[in-house]
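Open your viewer and get ready to click along. We will go from stop to stop, selecting a few residues at a time.

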Amino acid sequence: MIMDGGIADTGEMDEAAKPGLGSGLLSRRSFLVGSAAGLGALGLAGCATSGGMSRAEAARLYAAVPEEKFPIPAVDVSKIDPKYYRRKVQYPSKEAVGTIIVDPSKYYVYRIEGEGIATRYGANVGRQGFLWHGDAYVGRKAEWPVWTPPKEMIARQPEAAKYAGGMPPGLNNPLGARTLYLYQNGKYTLYTLYSTIIPQSIGSGVTSGCTGLLTQDMLHLYGQTPVGTKVVVLPA
């Protein structure tokens, strides 16, 4: 993946084949949420419920995950439009159970569960000019990956050069806790599904084509997604 304000191609990291910004000069927030202006003001207000889920229920769903290698903080669910909370929805599809469908026009990612049902996750997606669509598959997976900015990003944002050798895993790493890498015909597409701890990004176009889920949602999806899973990215 190539990004200006966010995630970039990862040079090395993963379970299957090693490919592949924190406080200070290059923060995770400025990379993930900021575009031309750095950190954008992405206030996403929200009503009290979504499909019967109260904000209190959402807070339990998106609670802290202290047992992770790098303890994951709870999500401030007040910063997310409740329509983006994870839930089961009716979603008729001819795709096989387990298939992932990305709908960038609605800022959703679906996992097909069968019998007309899917698990739906709120997402952030590529901004205009960086949208991609087509069929792919998960070619590799990574837990707490290293992040390496590609040369294209370093050319646009010279401050990223300090991570040319790779940024270690952690909460400030733009790829977050889990990443699914999309492939076509045996080749990495540079696009990923990654995890974010920035709730304001959900429901927005902030990346250069990649798709982010809240970390708690990505943990949920990642655990059910083996290498080889089909991914369909719809046109925006």
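Two residues are in contact when they have heavy atoms within 4.5 Å of each other. Keep in mind that this is a predicted model, in which local features need pLDDT of at least 70 and side-chain atom pairs count only at pLDDT 80 or more, while totals for chains, interfaces and linings use all residues. Residues are numbered from 1 along each chain as its sequence is written, and side-chain values use heavy atoms, with hydrogens and water left out.

**Stop 1: T229**

Select T229. Not counting residues up to four places away in sequence, T229 touches G98, T99, I100, A136, Y137 and V138. You will find T229 in the loop between α4 (215–222) and β13 (230–233). These labels are DSSP runs numbered from the N terminus: helices are H or I with at least four residues, and strands are E with at least two.

Is T229 buried or exposed? Buried means under 20% relative accessible area, exposed means over 50%, and partly exposed lies in between (1.4 Å probe, protein chains only). T229 counts as buried because its relative accessibility is 10%. Now show P226 as well: its backbone oxygen lies 2.7 Å from a polar atom of the T229 side chain.

**Stop 2: strand β5 and its partners**

Next, select residues 108–114, which make up strand β5. Of its 7 residues, 6 are buried, so the rest of the structure largely encloses β5. Two strands pair if DSSP finds at least two bridges between them. Add strand β4 (residues 100–103), which pairs with β5 in the antiparallel sense over 4 bridges. Look for I101, which stands opposite Y110 in β5. The hairpin of β4 and β5 has 4 residues between the strands, and Y107 in the turn has a positive phi of about 60°.

Now add strand β6 (residues 117–122). Here β5 and β6 pair in the antiparallel sense over 6 bridges, and V109 stands opposite Y121 in β6. Their hairpin has 2 residues between the strands, with E115 in the turn at a positive phi of about 55°. Why point out these phi values? Most residues other than glycine have a negative phi.

**Stop 3: strands β9 and β10**

Move on to β9 (178–184) and β10 (187–196). They pair in the antiparallel sense over 5 bridges, and Q184 stands opposite K187 in β10. In the loop between these strands sits N185, whose phi is near 50°, a positive value in a residue other than glycine. N185 counts as exposed because its relative accessibility is 76%.

Which residue in strand β10 should you click next? Try L190, which is in that strand and has a positive phi near 80°. L190 is partly exposed, with a relative accessible area of 27%. As for the strand as a whole, 8 of the 10 residues of β10 are buried, so it is largely enclosed by the rest of the structure. On to another partner: 4 bridges join β10 to strand β12 (residues 211–214), and these two run parallel.

**Stop 4: the nonpolar cores**

A nonpolar core is a set of buried Ala, Val, Leu, Ile, Met, Phe, Trp, Tyr and Cys residues joined through side-chain atoms within 4.5 Å. Select I100, V109, L180 and L221: of the 29 residues in the largest nonpolar core, these touch the most other members. Elements that each supply at least two residues of this core include β4, β8, α4 and β13. Apart from it lies another core, of 18 residues, among them M53, A58, Y62 and Y85.

**Stop 5: salt bridges**

A salt bridge is a side-chain nitrogen of Lys or Arg within 4 Å of a carboxyl oxygen of Asp or Glu. How many salt bridges are there by this rule? The count comes to 5 salt bridges.

- Select D217 and R86, whose side chains meet in a salt bridge (2.8 Å, N to O). The pair links distant parts of the chain, 131 residues apart, and both residues are buried.
- Select E95 and K230, which meet in a salt bridge at 3.0 Å, N to O. Along the chain they are 135 residues apart.
- Select R111 and E113, whose closest N and O atoms are 2.5 Å apart.
- Finish with E68, E143 and R178, linked in a network of salt bridges.

Technical notes:
A polar contact is a pair of N or O atoms within 3.5 Å; within protein, one must be able to donate a hydrogen and the other to accept it, and residues adjacent in sequence count only if both atoms are side-chain atoms.
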